[in-house]
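Work through the exercises below with the coordinates open. Each one gives a task and then a stepwise solution.

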Amino acid sequence: MRLKKTVQRCLFILLTFNGLATIAQKKVSINENWEFSKVEQSTNWEKINLPHTWNATDVIDEIPGYYRGIGWYKKQLKVSFSKNERVYLKFEGANNNTEVFVNGKSVGTHVGGYTAFIFDVTAYLNPVGENEIKVKVDNAVNLNDLPVSADFTFYGGIYRDVFLIVKDELHFDMKNSGSSGVFISTPSVSAKKGTVKVVGKIENESNKPKKIALLTTIKDAFGKVVYESTKTKNIAKNAIWDFNFSDAEILNPNLWSPEQPNLYAVELKIIDQRTKKIIDSSTQPLGFRWFRFDADKGFFLNDKHLKLIGTNRHQDREGYGNALTGDMHEQDIRLIKDMGANFIRIAHYPQDPRVLEMCDKLGLLVWEEIPVVNEINTTKEFADHAKLSLVEMIRQHYNHPSIIIWAYMNEIFATNKMRKLVERKELLAKTTALAKELEKIVKTEDSSRKTAMALEYTYADEYLETGIGNVCDIVGWNLYIGWYQEDMTKFGPFLDDWHKKYPTKSFIISEYGAGSDTRIHSLTPTRYDYSVEYQEDNLESYYQQIMARPFVSGATVWNSFDFNSEGRMDVVPNINNKGLLTVDRKPKDSYYFFKAALSSTPFIKIASSDWMNRAGRAESEQFAFCKQPVVIYSNLPNVELFNNGVSLGVKPTQGFKAIWDVPFNNGLNQLVAKANNKLDQIAINFHLQPYLLSDPSFTSIAVNFGSKEYFLEQSTGLVWEPEREYTEGYWGFVKNNYVYTQPTRFDVKRTTNDPLFYAYLKDANSIKFDVADGNYEVELLFVDQIGNNRFSTLINGNAVFAYPSQNQEKAAITVKAFVEVTTGKGLIVSFDKMQGSPIISGIKIRKRF
Ligand code: GCB
């Protein structure tokens, strides 16, 4: 009740202008007090507020798939408007197909989940009393929708704001593809002078002619008026005035750039000449900047060279799906800017207005694209939807000075290899034809930006065969050499080769990256191990290779944030974890590498913030410490590191980093890194295993069998150490012909510690822990139902568990046993094999007495 009243009070925002009379201008969100149901006839509607998605939780549960179908929304709404006003509903985004009903009648439909749409609902509304707004949203699988397939989740729902807009019947164009109806550009711009072009339509929907004045004011970032003009016009009844003028010339404009995102504002007001009232207004951003790409030298902004460096961004977040608040969108863009980025690829679809607003304000150049991903459907409907989304994206975001690239396809031949040969030929031809059509659309809509598409290494043959890469201005390369393919050092040579083949084509590395899970750490990082350390190695190497090649215009890491991709099985089921930050926006240490590389102010960071709990063996019986590497990221030339107040020496940084082999003591290690006046500190808790396990200082050990990585249990900070072969006096497995192979990842039921369980040691003869006599608690970890393995596990000769258990699924199993060791021979875990192979995922031993 209370909310409703507030809304109604807010409906009238009174504007005053230059002493002119005031009039109501109304644009108010109507996000609150909706009801939701998957079934229209339901008697059980859930009360919700927008933004909303019905998939926020079912994309992270253990059941494969997520609900793709219809969702109904309804809301009661009181609207007061007079007979010479028009009322609109504006949806900033609903995925994917939407139909809106007012008081039981359909007012319109919209296809496409990532762009805004507006309906004039005046004729359907009851001007006094309640109205029922009902919205049917559908995210069912439909191959005519964009995208046909992609590595992200197609959350359903009204996941962006909805606005109620009330306007006079004479107003700026409300029928132009969900846009503001006003288009600002700078046809000529230099440091000396910028010309501003203002184009749009004013529609007189009344049945009387009207004399109006269009007042245009341009203000600089400080609110100072730098241009003003009044243009009058008689608009006939039910007629449209197409206005188009370029007489605004701003001398010595403050240029817009990532370092100085000087924003101007263009304010347009329509004044009724009879009543002197402002009857409509629109304020648009304006930035003076120009740019060009050079195939040899890279990108230039305002005639200065600028290497475009940044990230990609998906829009979802843990627990929210894609239904984020404006502040969350803003926080993301700030995180990207704070890292030092000057460029962002808004992939793979147009995003919330707040995203673009923040890119303008904070200074991030933008590549934005429509979601034509992996493949096209060769139907006319699909092509129409692609064209519609492209036009909507361009018109809706046209005024943002941050945008420099409109893109329309991503890895477009990704699925063609799976198709039959005849189909393949047709698909390649139709895809290329569609690319040409989309290219033409961009050039007609907005020739001031460049066009692009993102290609991928694996489909290079198809790009050559069709020449599709030549259709657009700029090629994006999504390159994962060193992740999906071997050897990251081959990345640079691939670029050299390509540049030689196509010396006149500018390109950007639109994607590069590696997956990482902040729970996984490695002293020997390798491809596909998902350790934070491998991600760092990969990104650092790519960064150096990119910077060393001036012909590479820029690069965007895949991805800013870990994101949901239901059906993907990396280390966290349903999550693509190539982010520099986690799904809940915690920076991984690789984020700080970029911060060191890109910050213009002194920066220093001990890159172990994901690895504050560590474990390892003492160097020897005499030396009660264990040496492990610690990386410092900094843009300062020399860094000094201290552990518990003792200096470990000064080291020069190379490639924005220095590495120390830190002698860790048992317990707390207070690390402090210093350079100039900058300082960073971190406390690392080290669990030092005695050199001999029989030492009285032994307390516990946890081993992640089947893995070469440390696994940090999130809830407790417990460190599971990587497996090792047995050496006398310590611990390890005894196994003939041991060759390590990386585990196969799968979703392990009933645990969130999937990597701990899906990695398992197979066919070990035994596992020995040379502990002293005493009482121990032993936990054995298994993943159930692997192959047709049948065996029993014994501790010091006593059977404790028969595998498999009665589960019918690949689930986590933990068996706890209390064992007394009396023989002086330690603890031995062994297996009695009945069928297949014995396997074991982990062992944890804790000394009790
Ligand atoms: C790509 C795709 C992107 C994926 C990414 C990955 O090339 O464009 O959508 O998420 O690779 O992580 O595999």
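## Exercise 1: a loop glycine

Task: Locate G93 and decide whether G93 is buried or exposed.

Solution. The model is a predicted one.
Step 1. G93 sits in the loop that joins β6 (85-91) to β7.
Step 2. A residue is classed as buried when 20 or more other C-beta atoms lie within 10 Å of its own. G93 has 29 C-beta neighbours inside 10 Å, so G93 is buried.
Step 3. For a contact across the sequence, take P51, which is 42 residues from G93 along the chain; the two C-alpha atoms are 9.4 Å apart.

## Exercise 2: overall dimensions

Task: State how many helices and strands the protein has, and compare its radius of gyration with the globule rule.

Solution.
Step 1. The count is ten helices and 56 strands.
Step 2. The radius of gyration is 31 Å, and the globule rule gives 29 Å for 849 residues; the two values are close, so the protein is as compact as a globular protein of that length.
Step 3. Along the principal axes, the C-alpha atoms fill a box of roughly 105 × 65 × 60 Å.
Step 4. Of the 849 residues, 46% are buried.

## Exercise 3: surroundings of the ligand

Task: List the residues that surround the ligand and sort the shell into nonpolar, polar and charged.

Solution.
Step 1. The surrounding residues are A150, D151, N410, E411, E456, N478, E511, W558, N576 and K578.
Step 2. By class, the shell holds two nonpolar, three polar and five charged residues.

## Exercise 4: a four-stranded sheet

Task: Give the strand order of the open sheet that contains β17 and β18, and name its edge strands.

Solution.
Step 1. The order is β18-β17-β20-β21, and the pairing is antiparallel.
Step 2. An edge strand pairs on one side only, and here that applies to β18 (225-235) and β21 (278-286).
Step 3. From one strand to the next, the twist averages 15 degrees.
Step 4. Between β17 (residues 210-219) and β18 there are ten bridges, in the antiparallel sense. To fix the register, note that L215 stands opposite T230 in β18.
Step 5. As background, strands of a sheet pair through backbone hydrogen bonds, either parallel or antiparallel.

## Exercise 5: a hairpin

Task: Describe how β22 and β23 pair and how many residues lie between them.

Solution.
Step 1. Strand β22 covers residues 291-294 and strand β23 covers residues 298-301; they pair in the antiparallel sense over four bridges.
Step 2. F291 has L301 in β23 as its bridge partner.
Step 3. With three residues between them, β22 and β23 form a hairpin.

## Exercise 6: helix α4

Task: Compare the span of α4 with its expected value, and list the buried residues of α4.

Solution.
Step 1. Helix α4 (residues 380-397) has 18 residues.
Step 2. From first to last C-alpha the helix reaches 26 Å, close to the 26 Å expected at 1.5 Å a residue.
Step 3. Its buried residues are F382, H385, A386, S389, L390, V391, E392, M393, I394, R395, Q396 and H397.

## Exercise 7: backbone exceptions

Task: Examine omega for the bonds from N95 to N96 and from A347 to H348, then phi for N238 and Q785.

Solution.
Step 1. Recall the usual case: most residues other than glycine have a negative phi, and most peptide bonds are trans.
Step 2. The bond from N95 to N96 is cis, with omega near 10 degrees. N96 belongs to the loop between β7 (94-95) and β8 (97-102).
Step 3. The bond from A347 to H348 is cis as well, with omega near 0 degrees. H348 is placed in the loop between β26 (343-346) and α3 (353-362).
Step 4. N238 is not a glycine, and its phi is positive, near 45 degrees. N238 is in the loop between β18 and β19 (239-251), and is partly exposed, with 13 other C-beta atoms within 10 Å.
Step 5. Q785, also not a glycine, has a positive phi of about 60 degrees. Q785 lies in the loop between β50 (774-783) and β51 (790-795). With 17 other C-beta atoms within 10 Å, Q785 is partly exposed.

## Exercise 8: a strand residue

Task: Find the strand that holds S766 and state the exposure of S766.

Solution.
Step 1. S766 is in strand β49 (residues 766-769).
Step 2. There are 15 other C-beta atoms within 10 Å, so S766 is partly exposed.
Step 3. Y726 is 40 residues from S766 along the chain, and their C-alpha atoms are separated by 9.5 Å.

How values were computed
Residues are numbered from 1 along each chain as its sequence is written. This is a predicted model: local features need pLDDT of at least 70, side-chain atom pairs count only at pLDDT 80 or more; totals for chains, interfaces and linings use all residues. A residue is near a molecule or strand if its C-beta atom, placed from the backbone, lies within 6 Å of it. Ala, Val, Leu, Ile, Met, Phe, Trp, Tyr, Cys and Pro count as nonpolar, Asp, Glu, Lys and Arg as charged, and the others, Gly among them, as polar. Two strands pair if DSSP finds at least two bridges between them. Helices (H or I, at least four residues) and strands (E, at least two) are DSSP runs, numbered from the N terminus. Axes are lines fitted to C-alpha atoms, for helices over the stretch in contact, and angles run from 0 to 180 degrees between N-to-C directions. The expected span of a helix is 1.5 Å times one less than its number of residues. A residue is buried if 20 or more other C-beta atoms lie within 10 Å of its own, exposed if 12 or fewer, and partly exposed in between; C-beta atoms are placed from the backbone. The radius of gyration is taken over C-alpha atoms; the globule rule is 2.2 Å times the number of residues to the power 0.38.
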